[in-house]
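Student: I have this one open on my screen and would like to walk through it with you. Could we take it piece by piece?

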Amino acid sequence: MSTKYDPKAIEGKWQKYWEENKFFKVSEDPNKPKYYDLEMFPYPSGNLHMGHVRNYAIGDVVARFKSMNGFNVLHPMGWDAFGLPAENAAIKNAVPPSKWTHANIENMKQQLKTMGISYDWDRELATCKPDYYKFTQWMFVKLFENGLAYKKKSAVNWCPSCQTVLANEQVVDGACERCEAEVEKKQLEQWFFKITDYAQRLLDDLEKLPGWPEKVKTMQRNWIGRSEGCEFSMPIEGLKDSMTVFTTRPDTVFGVTYMVLAPEHPLVETISRGKEEESAVKTFVQGMKSLSDLSRTATDAEKAGVFTGAYAVNPMNGERIPIWIANYVLMDYGTGAIMAVPAHDQRDFEFARKYDIPIRVVIKSDDSPADAEEMTEAYTGDGVMVNSGVFNELGVQDGISSVIKYMEDNNIGSGTVNFRLRDWLISRQRYWGAPIPVVYCEKCGIVCLPEEQLPVLLPEDVEFKPSGESPLNYVESFTRTTCPDCGGEARRETDTMDTFVCSSWYFDRYCSPHEKDVPFSKEAVDYWMPVDQYIGGVEHAILHLMYARFFTKFLYDINMLSCEEPFTNLLTQGMVLKDSSKMSKSKGNVVSPEEIIKTYGADTARLFILFASPPERDLEWSDQGVEGAYRFLNRIWRLITDYARSIQDITIPDTFPNLDDDSRDLRFKTHATIKKVSEDVGERFNFNTAISAIMELSNTLYAYKDKKPQNLEVVKEALQMLLILLSPFSPHICEELWKICGNEGSVCQQQWPSYDPEALVQDEIEIVIQLMGKVRDHIRIPADISDDELKTIAVELPKIKELTSGKQISKIIVVPKKLVNIVAK
RNA sequence: GCGGAUGUGGCGGAAUUGGCAGACGCACCAGACUUAGGAUCUGGCGCCGCGAGGUGUGGAGGUUCGAGUCCUCUCAUCCGCACCA
């Protein structure tokens with residue numbers, strides 16, 4: 001039988017077969033070990049791109065492999081369906097966001113289905129559906145009840161193009177992460193989640209994640225930005241107010257020669273009022289305001305500031321210290337005020353030199369001049385305290401703790417820990433998101449809705465104004481409501497939640513996606529959670545992955561979950577590149593997965609993308625590489641269809657005694673391949689080398705094909721194993737060929753094979769003979785030869801004899817079963 | 001500036017524990033089959049050299065019988081952070 005490989009004819013057929021027979025539907029089964037395999041769910045932009053294909057192909061290999069290895073595999077898919085693009089499309093094309101989104105979901109779902117991924121589609125969810133966002137709102141209510149959701153007025157990031165505020169995490173280099181417009185600062189009253197309460201745990205528990213890339217953990221550590229130090233206050237001369245500062249170097253407090261407030265600091269106006277410096281201060285503050293955050297915080301920006309005319313008193317020694325304001329002190333870190341120690345802080349040093357402020361050395365070291373005049377830079381290293389009264393002669397570490405102790409004893413200040421992490425700003429002035437379940441009542445004030453009144457439904461029939469303002473503001477049926485507490489008139493909150501809130505718990509929902517009254521069932525999450533393998537792009541290293549960790553810890557605290565970390569193992573896949581740069585419409589280097597699948601089939605697309613590069617690394621798209629993958633599948637097709645009839649009735653025996661050399665070699669290759677593929681997929685996630693091993697097996701089979709006589713038992717075993725091993729990568733063709741070989745059932749449901757150690761035993765092995773570390777010869781010898789015999793054979797080899805004549809052999813090194821190295825001079 | 005990753009043929013990449021560098025694939029070259037082939041098959045393919053051989057994993061040193069792998073220094077590219085007190 002010799003038909004042509006026609007992916008179009010077989011892929012749809014098997015996809016339908018899997019779906020109709022509910023192959024990938026799972027439920028909790030206490031008798032099987034569970035495995036939760038998850039890929040980051042996509043935003044339904046309308047079309048699948050190559051990044052998705054890579055992400056889901058990787059996930060599918062893992063799912064299919066684990067399932068064949070006896071695991072009960074949960075492998076769900078859904079849609080991160082709220083978000084701004086839907087609104088932009090609505091404004092542009094006059095289509096409601098809901099309609100646009102659902103049409104996109106339909107389209108992408110069809111595209112995904114043509115990939116043949118083993119999803120349990122019965123668990124599909126979309127965050128924009130009321131049965132889902134009801135529980136996103138429920139999360140808000142629970143956070144509110146636990147004091148972790150609050151509203152405050154503060155300087156927030158405003159994207160003028162998206163017409164909404166953004167979280168700190170969504171501002172990249174002073175620009176909006178989405179649209180790259182420059183972000184402005186605005187004073188607004190907004191909703192926050194108190195993620196800072198979890199800062200320490202988010203930091204500490206990174207230690208419990210050995211299955212995460214170090215890179216991602218480092219990024220999170222930096223983002224959380226913990227620093228230990230102390231906070232203390234300094235009285236201000238002539239005022240009741242005092243200023244509070246944070247420092248990590250209390251040991252240098254005797255070296256303070258000036259103080260600095262951030263230009264936005266609320267005390268600036270008070271302390272300079274009526275002073276002759278007042279107008280200079282005002283001019284400086286105005287100048288700072290007109291600067292963007294980006295240019296304000298650029299490292300190379302020169303330090304600049306003005307004296308306020310006011311003085312503070314150093315509580316340690318009563319010294320009178322001038323208070324300045326300067327561009328290099330930021331309002332949103334620490335207390336927005338610092339003590340400046342120019343001798344031991346580089347920034348203060350530069351500033352002091354520029355404005356002729358005195359510099360006083362208080363840490364003495366052989367590595368640094370004792371005289372401030374001679375210093376060319378601040379000294380930040382270790383040493384002993386000097387000019388510091390009773391603290392003199394203490395080392396830096398002792399000094400820090402002694403000064404803190406003194407401050408605490410004398411009510412000056414105390415040891416504190418400061419984090420860079422800010423609370424999570426979750427309000428968005430947008431329509432297409434989960435409404436924040438809050439009303440404003442004239443009598444009761446801010447009232448969070450009770451659980452029973454959820455969901456707050458998003459009105460779907462709305463009109464968009466070209467201004468970009470959220471239409472919710474104009475829908476009176478939405479905004480006019482009653483207060484759940486007093487029943488009086490109330491106005492509904494019109495802000496919606498950041499879409500990252502929706503994606504912070506979707507993996508829990510997958511465990512029991514049809515629950516009506518609770519976000520998920522305890523039994524289900526206790527069985528499935530945590531996710532064993534999470535796969536997605538590294539661009540979520542901070543945003544999504546930290547928010548999801550925060551939610552998981554919160555849900556653990558309120559007894560909804562039994563795990564404290566949501567993702568045990570994390571794989572951050574590399575990007576798909578074309579011509580060395582990221583595929584993008586603007587560069588015109590986009591390759592459409594739909595086209596590739598149409599031309600070559602999903603099996604080829606998957607195989608190429610898995611073969612071209614290991615998953616963590618960036619992958620260079622190559623049309624010729626795709627051809628190569630297609631060619632390989634054709635080779636497999638021909639190989640197996642050629643043999644199909646002759647092996648139909650062959651039974652694979654349990655043992656293979658008395659094989660001829662060629663058949664033994666083939667069997668050796670078969671079992672070596674099983675071993676290699678099992679390790680590469682199961683332990684290392686190196687799909688590229690697993691596929692190359694399968695290619696080698698196929699090459700060996702082609703070579704065997706010309707040999708006579710043929711041992712069809714060995715051939716059948718090799719072919720069947722090849723199909724099983726290849727099936728997680730290219731499942732459709734393997735199903736078809738499995739059937740063509742006369743097998744019952746599905747190749748995807750076969751037990752993953754284990755190799756036969758007997759087949760890997762070799763009587764004769766090849767040994768490399770080196771002279772002075774250089775390969776000079778190869779010999780084939782019995783595997784059980786002793787080291788001494790081997791040495792004798794090696795030195796007697798004609799080639800070695802010739803090269804060592806007249807030389808003294810001083811040493812012979814034998815690496816068992818590998819090589820002999822002769823040292824001679 | 002700080003932190004991290006990477007660097008291997010013409011290209012994508014292998015070499016898992018210090019032990020034959022370049023598996024596998026692409027491209028290319030030669031041949032076979034063929035009316036023809038962009039199908040398929042066979043062989044070749046790091047560089048220098050006719051050859052024996054030499055040489056070779058960004059660069060320079062070092063450790064070792066032996067280094068892509070370990071150590072020191074250095075260069076390049078990419079990513080993250082960046083006045084964080």
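Tutor: Let us begin with a term that we shall need for the helices: contact means heavy atoms within 4.5 Å. Please also keep in mind that this is a predicted model.

Student: Fine, so which residues of helix 19 meet helix 24?

Tutor: On the helix 19 side they are Ala602, Asp603 and Arg606, and they meet Pro731, His732 and Ile733 of helix 24. Sorted by class, this contact has three nonpolar residues, one polar residue and two charged ones.

Student: And at what angle do helix 19 and helix 24 pack?

Tutor: The angle is about 125 degrees, and the axes of helix 19 and helix 24 (residues 731–740) are 7 Å apart. Angles of 65 to 115 degrees would count as roughly perpendicular, and this one falls in the remaining range, so helix 19 is described as oblique to helix 24.

Student: What about helix 2 and helix 19, how do their axes cross?

Tutor: Helix 2 (residues 50–68) and helix 19 (residues 602–611) have axes that come within 10 Å and cross at roughly 90 degrees, which means that helix 2 is roughly perpendicular to helix 19. Helix 2 contributes Met50, Val53, Arg54, Ala57, Ile58, Asp60, Val61 and Arg64, while helix 19 contributes Arg606, Ile609 and Leu610. The class count for this contact is seven nonpolar, no polar and four charged residues. Arg606 of helix 19 therefore appears in the contact with helix 2 and also in the contact with helix 24.

Student: Switching to the RNA, which residues come nearest to strand B?

Tutor: Lys303, Arg347, Arg420, Lys676 and Asn821 come nearest, out of 54 residues around RNA strand B. Of the RNA atoms that come within 4 Å of the protein, 62% belong to sugar and phosphate.

Student: Which part of the RNA does the side chain of Lys303 approach?

Tutor: For Lys303, an N or O atom of the side chain is 2.4 Å from a base oxygen of RNA strand B. Thr247, by contrast, places a polar side-chain atom 3.1 Å from a sugar or linking oxygen, and Tyr328 has a backbone N or O atom 3.0 Å from a sugar or linking oxygen.

Student: Which element gives the most to that surface, and how do its residues divide by class?

Tutor: Helix 22 (residues 687–705) gives the most, with six residues. The surface near RNA strand B divides into 19 nonpolar, 16 polar and 19 charged residues.

Student: Now the sheets: what is the strand order in the one with three strands?

Tutor: The order is 11-10-18 in an open sheet with antiparallel pairing, and its edge strands are strand 11 (242–247) and strand 18 (413–418). Strand 10 (residues 227–235) is joined to strand 18 by six bridges, and Ser227 stands opposite Asn418 of strand 18. Helix 12 (residues 396–409) lies across strand 10 and strand 18, at about 125 degrees to strand 18.

Student: And how is the sheet of four strands put together?

Tutor: It is an open sheet in the order 32-31-34-33 with mixed pairing. Strand 31 (residues 764–771) and strand 34 (residues 819–824) pair in the parallel sense over four bridges, and Leu771 has Ile822 in strand 34 as its bridge partner. Helix 25 (residues 787–796) packs on this sheet and touches strand 31, strand 32, strand 33 and strand 34.

Notes: Residues are numbered from 1 along each chain as its sequence is written. Chains are lettered from A and ligands numbered from 1 in the order in which they are written. This is a predicted model: local features need pLDDT of at least 70, side-chain atom pairs count only at pLDDT 80 or more; totals for chains, interfaces and linings use all residues. Side-chain values use heavy atoms; hydrogens and water are left out. A residue is near a molecule or strand if one of its heavy atoms lies within 4 Å of it. A polar contact is a pair of N or O atoms within 3.5 Å; within protein, one must be able to donate a hydrogen and the other to accept it, and residues adjacent in sequence count only if both atoms are side-chain atoms. Helices (H or I, at least four residues) and strands (E, at least two) are DSSP runs, numbered from the N terminus. Ala, Val, Leu, Ile, Met, Phe, Trp, Tyr, Cys and Pro count as nonpolar, Asp, Glu, Lys and Arg as charged, and the others, Gly among them, as polar. Two strands pair if DSSP finds at least two bridges between them. Axes are lines fitted to C-alpha atoms, for helices over the stretch in contact, and angles run from 0 to 180 degrees between N-to-C directions. Angles under 35 degrees count as roughly parallel, over 145 as roughly antiparallel, 65 to 115 as roughly perpendicular and the rest as oblique.
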